[in-house]
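Let's take a walk through this protein together, looking at what holds its parts to one another. Keep the picture open beside the text as you read.

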Amino acid sequence: MKMLWLSLLTLMTPSRTLVTALPLRSSGWPAGHQAGPSEADQEFAEEYLQHFYGYKPRSDRQKRTADTDVNADWTTGHCDEIQRMQRFFGLPPTGELTNETLAVMKRPRCGLSDVEPFGETIRWKKSSLSYRIAGYNLPIPTSKIHKIFRAAWKLWSNVTPMKFHKRSRKEADIVISFHIGDHEDGSPFDGTGGILAHAFMPGFGIGGDVHFDADEDWSFNSTGFNLLAVAVHEFGHALGLSHSSDPGAVMYPAYNFAPKYELQLSFRDVKDIQRLYGISSNFASLSSKKPPPRTPDKCDPDLSFDAVTELQQEVLFFKDRFMWRKHPQFDETRLTLISSLWPDSVPPNLDAVYQNVERNVNLFFKGHQYWVLRQLKLEEGFPRNISDFGFPARIKSVDAALHFRYDRYTVFFTGNQCWRYNELQMTIEGSATPIEQQWPGIPTPIDAAVFYEGLVHFFKGNIRYKFDPSSKRVVSTTPTNDLLECKKNDDEILTERR
Ligand code: 0DY
Ligand code: CA
Ligand code: ZN
Ligand code: ZN
């Protein structure tokens, strides 16, 4: 991830040392008065100062009386920004738009703003941005592409005071285009897969522009890559966001779109963009109706799990649309989206999961449905109804499933009862028994259960109960999240500080 972001930085924000290293001339400046700049030059300079020096046009500056000298008036209005720009380039800080000043402005340069020192925030200095769609010829109809881009901008304008307008002709702040292979910006595309798109950080010229790899199978449903999902990510870059280490974020460096899950900005994305541009006036009412989803935090003392299972040598802890994977060889438990391992087939907010080693399948339960996956593939005909297991009709869901691989049976937990399911005969043995009888000391209903290191681990809320099946008693209780080892990596600490 770090690599991706580093390469993005070097590719997308051409070094500004290039600008500062330009030879500075110290002599030969014209001393006398010179003819004022043309209107076209004024317009150019105005845009330049807006982009790089945070110049904000004020409406009173536009008001000109008939008898004022237009050039003098323009220069007075821009004096401060021109001086700052002149100092930056080693020009005499006259505050006037001299020919030399104009010449320096017109030199090719990178898209970064000079106002904010490197390492600080790069963002647009105005709240209304224009975008233009240039040079597309794709299997998707134009009207559909327009709709997708409008929807992608809307996600960002919902939470910030930013406004985005489509332009069909004329220049635009953000030019969106589709390209194949080398398209002469130093970052060639790579055919199908790999790099899907890239964007330039806010700035003049190519700054803010978004390029999509035309070799990809772009789609607006579930085949290929979802254009909306990638557009939202790229527009985030075009607005000045870098990659996020939060796997729930749209700005996560890898394509993580799950068609079953509605595309929305995560809490992290919203925080990051609002740090750059502030909060939209209707944000409070919007987010009270539908708050941006938070990514679960392994260090949250109130963390609870939806389900826990063994998977090969790993233990998987499920929460919402995420899971932590604990591998005996790695001391760090990594958070990933469930969809990054099982794309499209497994739903979020599961009730129970278990692995049947003998049959080499994993079973996922949610509500009255269950899914059987062999390796990473969904078996045909699933999801099916949990009545298959032989539960009476009153059982509408299960709380947890506990598989005993050596004895070939699985215990299902429902409320304060449990059921013993014989995996060989594929039937429930006898009828339900009270949990307190089979598993004394375990509170009900439970969230999750797993067999791990010779003990049964029950999870309820933020407490984990270690149960010894041979002596039939709880041997210890610990916080639910202690197996995840709450140690934050640098990335996470950095993102949280913001
Ligand atoms: N562009 O913004 C990217 O991040 C490039 C890589 C960069 C070094 C130029 C890129 O296309 N990354 C792929 C991507 O899907 C990585 C991949 O998994 N193939 N990025 C866009 C994306 C789309 C949707 C990311 C998310 C969601 N999270
Ligand atoms: Ca590609
Ligand atoms: Zn490009
Ligand atoms: Zn990216």
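Glutamate 485 is partly exposed, with a relative accessibility of 31%. Please keep in mind that this is a predicted model, as is true for everything you will read here. The partner of glutamate 485 is lysine 326: the two form a salt bridge whose closest N and O atoms are 2.9 Å apart. Where do the two residues of this pair sit in the chain? Lysine 326 belongs to strand S10 (residues 322–326), while glutamate 485 is found in the loop between strand S24 (473–479) and helix H13 (490–497), so the salt bridge ties together parts that are 159 residues apart in sequence. Is lysine 326 buried or exposed? With a relative accessible area of 14%, lysine 326 is buried, because the cut-off for that word is under 20%.

**More salt bridges**

The structure holds 11 salt bridges, and we can look at two others. One of them joins arginine 408 to glutamate 358, with 3.3 Å between the closest N and O atoms. Arginine 408 lies in the loop between strand S17 (400–404) and strand S18 (409–414), and glutamate 358 in the loop between strand S12 (352–356) and strand S13 (361–366), so this pair ties together parts that are 50 residues apart in sequence. Arginine 408 is partly exposed, at a relative accessible area of 30%, whereas glutamate 358 counts as exposed at 52%.

Another salt bridge links arginine 374 with glutamate 379, and here the closest N and O atoms are 3.3 Å apart. Arginine 374 is partly exposed at 33% relative accessibility, and glutamate 379 is partly exposed at 24%.

Here are the three pairs side by side:

| Basic residue | Acidic residue | Closest N and O atoms |
|---|---|---|
| Lysine 326 | Glutamate 485 | 2.9 Å |
| Arginine 408 | Glutamate 358 | 3.3 Å |
| Arginine 374 | Glutamate 379 | 3.3 Å |

**A bond between two cysteines**

How many disulfides are there? The count comes to one. This disulfide joins cysteine 299 to cysteine 486, with an S to S distance of 1.9 Å. Cysteine 299 is in the loop between helix H10 (283–289) and strand S8 (307–311), and cysteine 486 is in the loop between S24 and H13, so the bond links distant parts of the chain, 187 residues apart. Why is the disulfide called right-handed? The torsion about the S-S bond is about 105 degrees, so the disulfide is right-handed. Cysteine 299 is buried, at 17% relative accessible area, but cysteine 486 is partly exposed, at 42%. For another cysteine to look up, try cysteine 418, which is buried at 4% relative accessibility.

**Two metal ions**

Now turn to the calcium ion (ligand 2). Its protein donors are Asp190 (OD), Gly191 (O), Gly193 (O), Ile195 (O), Asp213 (OD) and Glu216 (OE), at 2.2 to 2.4 Å from the ion. The six donor atoms subtend angles of 82 to 176 degrees, which makes the arrangement octahedral. For comparison, ideal angles for six octahedral donors are 90 or 180 degrees. Along the sequence, the donor residues of this calcium ion follow the spacing D-G-x1-G-x1-I-x17-D-x2-E. Two of these residues link distant parts of the chain: glycine 191 lies in the loop between strand S3 (174–179) and strand S4 (197–199), and aspartate 213 in strand S5 (residues 210–213), 22 residues apart. Both glycine 191 and aspartate 213 are buried.

The zinc ion (ligand 4) has His233 (NE2), His237 (NE2) and His243 (NE2) as its protein donors, lying 2.1 to 2.2 Å away. These donors are spaced H-x3-H-x5-H along the chain. Histidine 233 is part of helix H8 (residues 227–238), and histidine 243 is in the loop between H8 and helix H9 (267–277), 10 residues apart. Histidine 233 is buried, at 12% relative accessible area, and histidine 243 is buried too, at 15%.

**Strands side by side**

Strand S3 came up with the calcium ion, where glycine 191 is in the loop between S3 and S4. Is S3 mostly covered or mostly uncovered? Five of its six residues are buried, and S3 is mostly covered. S3 runs parallel to strand S1 (residues 128–134), and four bridges join the two. In this pairing, tyrosine 131 stands opposite isoleucine 174 in S3. S3 also pairs with S5 in the parallel sense, over four bridges. There, phenylalanine 178 has phenylalanine 212 in S5 as its bridge partner.

Key: Residues are numbered from 1 along each chain as its sequence is written. Chains are lettered from A and ligands numbered from 1 in the order in which they are written. This is a predicted model: local features need pLDDT of at least 70, side-chain atom pairs count only at pLDDT 80 or more; totals for chains, interfaces and linings use all residues. Side-chain values use heavy atoms; hydrogens and water are left out. A salt bridge is a side-chain nitrogen of Lys or Arg within 4 Å of a carboxyl oxygen of Asp or Glu. Buried means under 20% relative accessible area, exposed over 50%, partly exposed in between (1.4 Å probe, protein chains only). A disulfide is a pair of cysteine sulfur atoms within 2.5 Å. Donors are N, O and S atoms within 2.8 Å of the metal (3.2 Å for Na, K and Ca); water is not among the atoms, so sites may look incomplete. Four donors count as tetrahedral if all angles lie between 85 and 135 degrees; four count as square planar and six as octahedral if opposite donors are over 155 degrees apart and all others between 65 and 115; anything else is irregular. Two strands pair if DSSP finds at least two bridges between them.
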